[in-house]
Amino acid sequence: MKLYFVSLGCDKNLVDSEKMLALLVQHNIEVTDLAEEAEIIIVNTCGFIQDAKEESIETILMMAELKKRGRCRTLIVSGCLAQRYTDEILKEIPEVDAIVGTTAYDQIVTAVEQSLSGNKTVLMNDKDYLPKNLTERLPAVSGYVSYLKIAEGCSKHCTYCIIPSLRGNYRSVPMEELLREAELLAASGTKELIIIAQETTVYGVDLYGGKKLPELLTKLCLIKGIKWIRLMYCYPEEITEELLHTMKREPKICHYLDLPVQHCNDDILRHMGRKTNRKDLMDKIAMIRQILPDAALRTTLISGFPGELEQQHEECVDFVKEVRFDRLGVFPYSPEEGTPAAEYTDQVDEEVKRQWADEIMLAEQDVIFQQNERMIGKIIWVMADGYLPEEGVYTGRTYRDAPDIDGCIFFESPSEIISGDFLPVRITDARGYDLIGEIWCEEE
């Protein structure tokens, strides 16, 4: 039977999708890129913010219409939206045959079998259940870059975030299982391994009684074939000197840190339920730059959190200018049903939230453009990511750029380059968020 699979949302959801795909392929199900020819359709949904929910719902409805007039025999919905709105989905979209919760993705084969038998199926586990770790993965994207999800859930309980309600408290995946999974990824061609979780920096606290991310990274660096290891979702208050010195010691670990600080004003941070303040943030960033002077720092911010005043927003703009993050994203606050912040009475006007987000990005734009200008003349290793035949140029990323969210570098090559190849490139120009370069040969 043929399967059409849609994976929506974050990279953590993508890992779940790849594990489900591997399970299904092992049961003689063939994956197709054409939804019209599939007998099985699965939509792995996101339910984090309003835009993501709307995309998930629209996708489910589109697949439901396809089922009505096509050869699809079963439509299955999994992931965060399925976990959050199980009853509503089954009631409002009768074409859906099965629901698979966020901690039940290891039962996807059962969901397919039961729904094909004509039974409406709902598979849910306790939110704090750790699904049986499935080390086999079927890459849904290019195999030379893979995500390694080292934990499920989150125990921070920020007032704006629904994740603990959807995915439970923080549960680390045992280290030996992660190492086996990484070995399999490397054997299948992975060259860049991106470490992810709702929060990576507290890995191991629940299992081993202490932060074990440095130990895990050290062991991952021993795996042959892995060239780059990149860290995402590092809460600044949890970053230790041990972690930074591990990054400095191990050449495979990119000097890149994703720090979701969300804001800098102490009152806003407190209302968000964050466990830090502006002084601590500044001290931690200073420590990072002292130990890793070439570190690329990425962050995300929320504009227009309930109760935020113009003065507090301006403080955030000044913070961006002062810290000079290398990469930055801003999200207008989205009130999520079931979170404390959604019940706050001092909500900020939608237009104001978006205006403030634009002002923060404008401040960051000047920073990035200046930093890119300073890159001109430097020689830096680049991972090739693709080819643009219309322009006759290749695209790639430096250690300073995570896939899909950061910038890229464009360069020409007299010979063919395969995506995933590493090569030295000399930066010749900077155009906005992107760089222009040429392959560098030592004899030059």
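The exercises below treat helix packing and salt bridges in a predicted model.

**Exercise 1. Classify the packing of helix α7 against helix α9 and describe the contact.**

Solution. Start with the axes: those of α7 (residues 175-187) and α9 (residues 213-220) come within 10 Å and cross at roughly 30 degrees. Angles under 35 degrees count as roughly parallel, so α7 is roughly parallel to α9. The sense of the crossing is right-handed.

Next, list the residues. Helix α7 contributes Met 175, Leu 178, Leu 179 and Ala 182, which meet Glu 215, Leu 216, Lys 219 and Leu 220 of α9. Sorted by class, the contact of α7 with α9 has six nonpolar, two charged and no polar residues.

**Exercise 2. Examine Lys 219 and Glu 215 of helix α9: how are their side chains linked, and are the residues buried or exposed?**

Solution. The two side chains form a salt bridge, with an N to O distance of 3.1 Å. Lys 219 and Glu 215 are four residues apart in α9, which means that about one helical turn separates them. For accessibility, the partly exposed class runs between 20% and 50%. Lys 219 has a relative accessible area of 36% and is partly exposed; Glu 215, at 34%, is also partly exposed. Both residues also belong to the contact with α7.

**Exercise 3. Determine how helix α1 packs against helix α5, and which residue classes make the contact.**

Solution. The axes of α1 (residues 11-26) and α5 (residues 108-116) are 9 Å apart, at an angle of about 55 degrees. This angle makes α1 oblique to α5. On the α1 side the contact has Met 20, Leu 23 and Leu 24; on the α5 side it has Ile 108, Val 109 and Val 112. By class, the contact of α1 with α5 has six nonpolar residues, with no polar and no charged ones.

**Exercise 4. Repeat the analysis for helices α13 and α14.**

Solution. Helix α13 (residues 310-323) and α14 have axes 9 Å apart and pack at an angle of about 15 degrees. The two helices are therefore roughly parallel to each other, and their crossing is right-handed. From α13 the contact takes Glu 310, His 313, Glu 314, Cys 316, Val 317, Val 320 and Lys 321. From α14 it takes Trp 356, Glu 359, Ile 360, Ala 363, Glu 364 and Val 367. The class count for α13 with α14 is seven nonpolar, one polar and five charged residues.

**Exercise 5. Locate the salt bridge of Glu 336 and state which parts of the chain the pair ties together.**

Solution. A search of the whole structure finds 37 salt bridges. In one of them Glu 336 pairs with Arg 84, the closest N and O atoms being 3.5 Å apart. Glu 336 lies in the loop between β14 (327-332) and α14 (350-375), whereas Arg 84 is in helix α3 (residues 80-84), so the pair ties together parts that are 252 residues apart in sequence. Both Glu 336 and Arg 84 are buried.

**Exercise 6. Describe the salt bridge of Arg 431 with Asp 429, then name the members of the network that includes Lys 156.**

Solution. The closest N and O atoms of Arg 431 and Asp 429 are 3.4 Å apart. Arg 431 is exposed, with a relative accessible area of 56%, and Asp 429 is partly exposed at 27%. For the second part, salt bridges link Lys 156, Glu 199, Lys 211, Glu 237 and Glu 238 in a network.

Notes: Residues numbered from 1 in each chain as written. Predicted model: local features only at pLDDT ≥ 70, side-chain atom pairs only at ≥ 80, totals over all residues. Heavy atoms only, no water. Axes fitted to C-alpha atoms, helices over the stretch in contact; angles between N-to-C directions. Parallel < 35°, antiparallel > 145°, perpendicular 65-115°, else oblique. Left-handed = near helix turned anticlockwise from the far one by under 90°. Contact = heavy atoms within 4.5 Å. Nonpolar A, V, L, I, M, F, W, Y, C, P; charged D, E, K, R; others polar. Salt bridge = Lys/Arg side-chain N within 4 Å of Asp/Glu carboxyl O. Buried < 20%, exposed > 50% of the residue type's maximum accessible area, 1.4 Å probe, protein only.
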